[in-house]
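Me: I have a structure to go through and some terms I do not know yet. Please explain each term as it comes up.

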Amino acid sequence: MPQIKFLTLARHIVEEERKYPGATGELSSLLHDLSLAAKVISLEVNKAGLVDIIGFTGDNNIHGEQVKKLDIFAHDMMVRAMDHGGHLCVMASEEEEDVIHIPSRFNIGKYVLLFDPLDGSSNIDANVSIGTIFSIYRRVSPDNGAGTMEDCLQKGSQQVAAGYIIYGSSTIFVYTAGSGVHGFTLDPAFGEFIRSHQNITTPKKSRIYSINEGNYLYWHPGLKKYIKYLQEEDEKTERPYTGRYIGSMVADIHRNMLYGGIFMYPADSRSPNGKLRLMYECNPMAFIVEQAGGRASDGKNRILDIQPKTLHQRVPIFIGSEADVKLVESFIAKEEVKAAK
Ligand code: AFP
């Protein structure tokens, strides 16, 4: 009988932890708790299409429980799965204006968690892939009490771990703790994440670009020229590129990371800081993509070097295959030099 060789996420986390003799196991516990939240959210996302059919649309479901919007459900699930572990001092979520305090008996943990519970949620009704994104830091406030805003507002380069869970044709948990990017697919039969993507690396150059071209009119002139350049024919540089835009960042970046590609959500004349959020969208994705050998910038500066000022600040982002991100940066720089003359 052929030997089936599979590695669960739980075992992988423990094996990674063993590489660091001083590790206390706290980060491993956090990742375990996150994978549990991911399983519950995945289950709920998979039921989304049934909402209208089996009558879960009212305020109460058949159990008499209140039905929540899926993104609020995902937020609540993350909080419930994470706030009693004793490994966190504070959390922050896209769904809450302020930081989320951990109950006082459990807030002495040395880690900080930021997350977007359900990114791309406007796509849910169309059965398009959506995702949960998370980012973990070490606390910087004194370790004898509640965590603070200062713990949350650290540069992305200080992240200890980051990951995303994509709810698509299957549910995949992708994470990095600073030594490569690892992907695990949820086996619905076992209810376990099984390693499916070992040490993901992204191609240095690609042939795919992802951007909302409906905003063309409002773009920086350098970006307009770059996109036109990608659409020209040139065999040597493998142009024209292919356009792929789902409108769900996790799904767009996941695809690009595997096949090679550049994802852009730029600033434009209507949104001077772009749309996406630095702390729980851009920083974690930038950490993951860099770990996979890619690059992430705001058009000029490395995303991970940006000093955050507020929890929900937005930032333009160009992320993906290294050569492609460098090229768009050079188009933008060239136009800025011209404009300054
Ligand atoms: P929603 O969570 O509101 O669906 O937004 C998704 C998102 O934050 C990100 O996942 C997409 O890449 C981006 O917005 C799409 O924005 P546009 O609709 O402006 O292209």
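Reply: Start with contact, which means heavy atoms within 4.5 Å. This is a predicted model, in which local features need pLDDT of at least 70, side-chain atom pairs count only at pLDDT 80 or more, and totals for chains, interfaces and linings use all residues. Residues are numbered from 1 along each chain as its sequence is written, and side-chain values use heavy atoms, with hydrogens and water left out.

Me: What does Tyr164 touch?
Reply: Leaving out residues up to four places away in sequence, Tyr164 touches Thr132, Ile133, Phe134, Ile172, Phe173, Val174, Val250, His254, Met257, Met285 and Ile288.

Me: Why is β7 called a strand?
Reply: Strands are DSSP runs of E with at least two residues, and helices are runs of H or I with at least four, both numbered from the N terminus. β7 covers residues 181-187.

Me: What makes β7 mostly covered?
Reply: Buried means under 20% relative accessible area, exposed over 50%, and partly exposed in between (1.4 Å probe, protein chains only). Six of the seven residues of β7 are buried.

Me: How do you know that β6 and β7 pair?
Reply: Two strands pair if DSSP finds at least two bridges between them. Five bridges join β6 (residues 171-176) to β7, so the condition is met. The two strands run antiparallel, and Thr176 has Val181 as its bridge partner.

Me: What lies between β6 and β7 in their hairpin?
Reply: Four residues lie between them, and Gly178 in the turn has a positive phi of about 95 degrees.

Me: What does β7 form with β8?
Reply: β7 and β8 (residues 192-197) pair in the antiparallel sense over five bridges, with Phe184 opposite Arg195.
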